[in-house]
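Please find below some notes on the model, set out as numbered points on backbone geometry and helix packing.

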Amino acid sequence: MTVTIRLEEPKDYRIVEEITREAFWNLYVPGAEEHYLAHTLRKHPDFIPELTFVIELDGKIIGSIFYSKAKIVDAEGNEYPVISFGPVSIAPEYHRQGYGRLLIEHSIKEAKRLGYEAIVIGGFPYHYHPYGFIGSKKYNISMPDGKFYTGIMALPLKEGALDNVSGHIIFSEGMYPDHDGLEAYDQTFPAKEKKVEPRQAKFEAAASQIDNNEY
Ligand SMILES: CC(C)(COP(=O)(O)OP(=O)(O)OC[C@H]1O[C@@H](n2cnc3c(N)ncnc32)[C@H](O)[C@@H]1OP(=O)(O)O)[C@@H](O)C(=O)NCCC(=O)NCCS
């Protein structure tokens, strides 16, 4: 089995969006919007194509990761550029076989090589702690509401990159596409049933969990 990780190309867009849809369907909300996010983010000025990778098994794409620019804004309004990733997805039939790890680690290595300072992301801690991400509270980086959440995590890519920066994180507007086009776009894929599932409530609870750790 040959595993290849390479930059995403236009010919990959549709299959990447199909896999993203499958990976996220009914996972966090009934249905999914992450395939629409992938579809729209590429056109946003904050999109970072040089870090947007696909992973292939014997030439067949089984997953992808998207990166975009974000910024930390301090109390004086100074801005510090960082980057963020998401959506990241592996086709469900290949979950928990180490492919997500290969893809995420590769992208982090490339981000370092290209000179980016730090990555700040939102997600489940258990997905990202394996790569060294830690609650952004450790670096005094809050959400715009001033609160620290366990689901907001940071990883400096250079020694001390976040030591002299504090403030709140602003993710790209490209990460929040308006939903007007979602329904019509989703209808270009095979019909799939939207379901309410217990894990969606867990996600909601996790997303608002305050980080009470002392770092
Ligand atoms: C998240 C995702 C990309 C991970 O890809 P993957 O190939 O399944 O992950 P890996 O097998 O490489 O796992 C690497 C490590 O991450 C952690 N991890 C991954 N999925 C996990 C899960 N469901 N529960 C707990 N830990 C998990 C584990 O530490 C794992 O190592 P281990 O298997 O040796 O314990 C994939 O599960 C996915 O597409 N999920 C649906 C979409 C999604 O939730 N994306 C993230 C949005 S925040």
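1. Asn140 counts as partly exposed because 16 C-beta neighbours lie inside 10 Å, a number that falls between the limit of 12 or fewer for exposed residues and that of 20 or more for buried ones. This is a predicted model, and in it the phi of Asn140 is near 60°, a positive value in a residue other than glycine. Asn140 sits in the loop that runs between strand E6 (134–135) and strand E7 (141–142).

2. Arg96 likewise is a residue other than glycine with a positive phi, near 60°, and its place is the loop between E4 and helix H3 (99–113). Arg96 has 8 C-beta neighbours inside 10 Å and therefore counts as exposed.

3. The peptide bond that joins Gly86 and Pro87 is cis, with omega about 0°, and Pro87 belongs to strand E4, which spans residues 79–90.

4. As for helix packing, the axes of helix H1 (residues 13–24) and helix H2 (residues 34–41) come within 7 Å and cross at roughly 150°. Because angles over 145 degrees count as roughly antiparallel, H1 is described as roughly antiparallel to H2. The crossing in which H1 passes H2 is right-handed.

5. On the H1 side, the contact is made by Val16, Glu17, Thr20, Arg21 and Phe24, which meet Glu34, His35, Ala38 and His39 of H2. The residues of this contact of H1 with H2 are divided into three nonpolar, three polar and three charged.

Conventions
Residues are numbered from 1 along each chain as its sequence is written. This is a predicted model: local features need pLDDT of at least 70, side-chain atom pairs count only at pLDDT 80 or more; totals for chains, interfaces and linings use all residues. Helices (H or I, at least four residues) and strands (E, at least two) are DSSP runs, numbered from the N terminus. Axes are lines fitted to C-alpha atoms, for helices over the stretch in contact, and angles run from 0 to 180 degrees between N-to-C directions. Angles under 35 degrees count as roughly parallel, over 145 as roughly antiparallel, 65 to 115 as roughly perpendicular and the rest as oblique. A crossing is left-handed if the near helix is turned anticlockwise from the far one by less than a right angle, and right-handed if clockwise. Two residues are in contact if their C-beta atoms, placed from the backbone, lie within 7 Å. Ala, Val, Leu, Ile, Met, Phe, Trp, Tyr, Cys and Pro count as nonpolar, Asp, Glu, Lys and Arg as charged, and the others, Gly among them, as polar.
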